[in-house]
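Student: I would like a close look at a single part of this structure. Please give one connected account rather than a list.
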Amino acid sequence: MNKIKYFLPPFLTDLLKTIRNKTKKKLVVEPKDQSLELYSDPEMAKILDSWGERNAWIEIQHIFHQTKNAKILDIACGTGKVIEILNKNLDLKNVYGCDISELLISKAIERGIPKEKLIICDATNLPYEENEFDYNYSIGSLEHFTKDGILKFLRSSIKVTKNEGYHMIPVSKNNKNNGWIVNYQSYFNNSVEWWSELCEKVSKKYYFMDSSWEDEISIGKWLIVKKND
């Protein structure tokens with residue numbers, strides 16, 4: 001699959017974008033650690049239930065529409081909304097999820113995701129067997145880790161996956177390395193080249209696809225990472 005075309009308008013009414021617009025942004029070079037308190041906030045759980053419904057969540061269905069029997073891992077699955085979408089719309093019944101937030105995993109269980117398919121864990125050290133999954137994905141998560149955390153996240157996801165992983169990330173509209181943006185949900189807003197330099201440290205087999213997601217300073221990209229031969 002070399003190209004995926006989406007005929008979708010930019011998602012300019014994104015709830016998360018609204019919060020970003022209302023919050024003063026502070027730029028730093030990079031964080032020393034990742035703040036996790038936000039993911040125990042019920043308000044964040046509400047945001048995670050809706051923010052990607054007009055772009056990323058449609059795109060992930062295009063990506064997995066021919067993988068009915070595959071075993072798939074949703075890394076940083078949040079409230080399980082995307083797992084629910086894949087179950088209902090594509091009849092994918094073998095999608096598992098993990099998240100570091102006990103609150104968000106509890107929301108996924110309330111949604112009806114089987115408890116045995118969910119784990120509370122750190123994405124930088126996934127507690128699964130090598131090659132346990134056919135594919136993995138994350139949506140709007142990887143950019144919130146520290147630089148070292150991104151490397152560990154990717155290495156861990158590659159280890160537990162036979163094929164490729166799909167990670168929806170923001171990259172800067174100005175194609176510059178704007179650094180770590182401190183706001184409601186802090187994240188890296190950097191260039192494709194910055195992400196490529198990180199990927200080179202974990203795999204030589206990676207590429208980018210456009211996403212229709214965007215906000216005032218970022219555009220979405222799908223980072224696809226495979227195992228080295």
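How do the residues of the lining of the largest pocket divide into nonpolar, polar and charged?

Tutor: The model is a predicted one, and every value below is computed from it. The lining of the largest pocket consists of 20 nonpolar, eleven polar and eight charged residues. The pocket itself has a volume of about 630 Å³. Its lining counts 39 residues, and those closest to the centre of the pocket are Tyr 39, Ala 76, Asp 99, Gly 140 and Ser 141.

Several elements contribute to this lining. At least two residues each come from the helices α1 (15-22), α4 (81-90) and α6 (147-159), and likewise from the strands β3 (95-99), β5 (135-139) and β6 (165-172). The element that gives the most is α6, with three residues.

That makes α6 worth following further. With 13 residues at 1.5 Å a residue, α6 should span 18 Å, and because its end C-alpha atoms lie 19 Å apart, the model agrees with that expectation. The buried residues of α6 are Gly 149, Ile 150, Leu 151, Phe 153, Leu 154, Ser 156, Ser 157 and Ile 158. For the spacing of such positions, the general rule is that an α-helix has 3.6 residues a turn, so residues three or four places apart point the same way. The cover over the buried residues of α6 includes the strands β2 (72-75), β5, β6, β8 (187-188) and β10, together with the helix α7 (192-199). Two of these, β5 and β6, also supply residues to the lining of the largest pocket.

From the cover of α6 one can move to β10, a strand that runs over residues 218-225 and includes Ser 218. Ser 218 has 0% relative accessibility and therefore counts as buried; the cut-off for that class is under 20%. The side chain of Ser 218 makes a polar contact, at 2.5 Å, with the side chain of Asn 189. Beyond its neighbours within four places in sequence, Ser 218 is in contact with Asn 189 and also with Pro 170, Val 171, Lys 173, Tyr 187 and Trp 213.

Back at the pockets, the second largest one holds about 150 Å³ of space. Its lining is made up of Asp 33, Gln 34, Ser 35, Leu 38, Tyr 39, His 144, Trp 180, Val 182, Tyr 184, Gln 185 and Ser 186. By class, these are five nonpolar, five polar and one charged. Tyr 39 belongs to this lining and is also among the residues closest to the centre of the largest pocket.

Two loops next to elements named above have a backbone feature to note. Most residues other than glycine have a negative phi. Asp 91, however, has a positive phi of about 60 degrees although it is not a glycine. Asp 91 sits in the loop between α4 and β3, and with 35% relative accessibility it counts as partly exposed. Asn 131 likewise has a positive phi of about 60 degrees without being a glycine. The loop that holds Asn 131 joins β4 (118-120) and β5, and a relative accessible area of 31% makes Asn 131 partly exposed.

For the wider setting, the protein chain has seven helices and ten strands. Of its 229 residues, 54% count as buried. Among contacts in the chain with a separation of 6 or more, 71% are between residues 24 or more positions apart.

Note on methods. Residues are numbered from 1 along each chain as its sequence is written. This is a predicted model: local features need pLDDT of at least 70, side-chain atom pairs count only at pLDDT 80 or more; totals for chains, interfaces and linings use all residues. Side-chain values use heavy atoms; hydrogens and water are left out. Helices (H or I, at least four residues) and strands (E, at least two) are DSSP runs, numbered from the N terminus. Buried means under 20% relative accessible area, exposed over 50%, partly exposed in between (1.4 Å probe, protein chains only). A polar contact is a pair of N or O atoms within 3.5 Å; within protein, one must be able to donate a hydrogen and the other to accept it, and residues adjacent in sequence count only if both atoms are side-chain atoms. Contact means heavy atoms within 4.5 Å. On a 1 Å grid over the protein atoms alone, a cavity is a set of points where a 1.4 Å probe fits but cannot get out, and a pocket is an open set with protein on both sides within 12 Å along at least five of seven lines; lining residues have an atom within 4 Å of a point. Grid points are joined across faces, edges and corners, and a volume is the space filled by probe spheres set on the points. Ala, Val, Leu, Ile, Met, Phe, Trp, Tyr, Cys and Pro count as nonpolar, Asp, Glu, Lys and Arg as charged, and the others, Gly among them, as polar. The expected span of a helix is 1.5 Å times one less than its number of residues.
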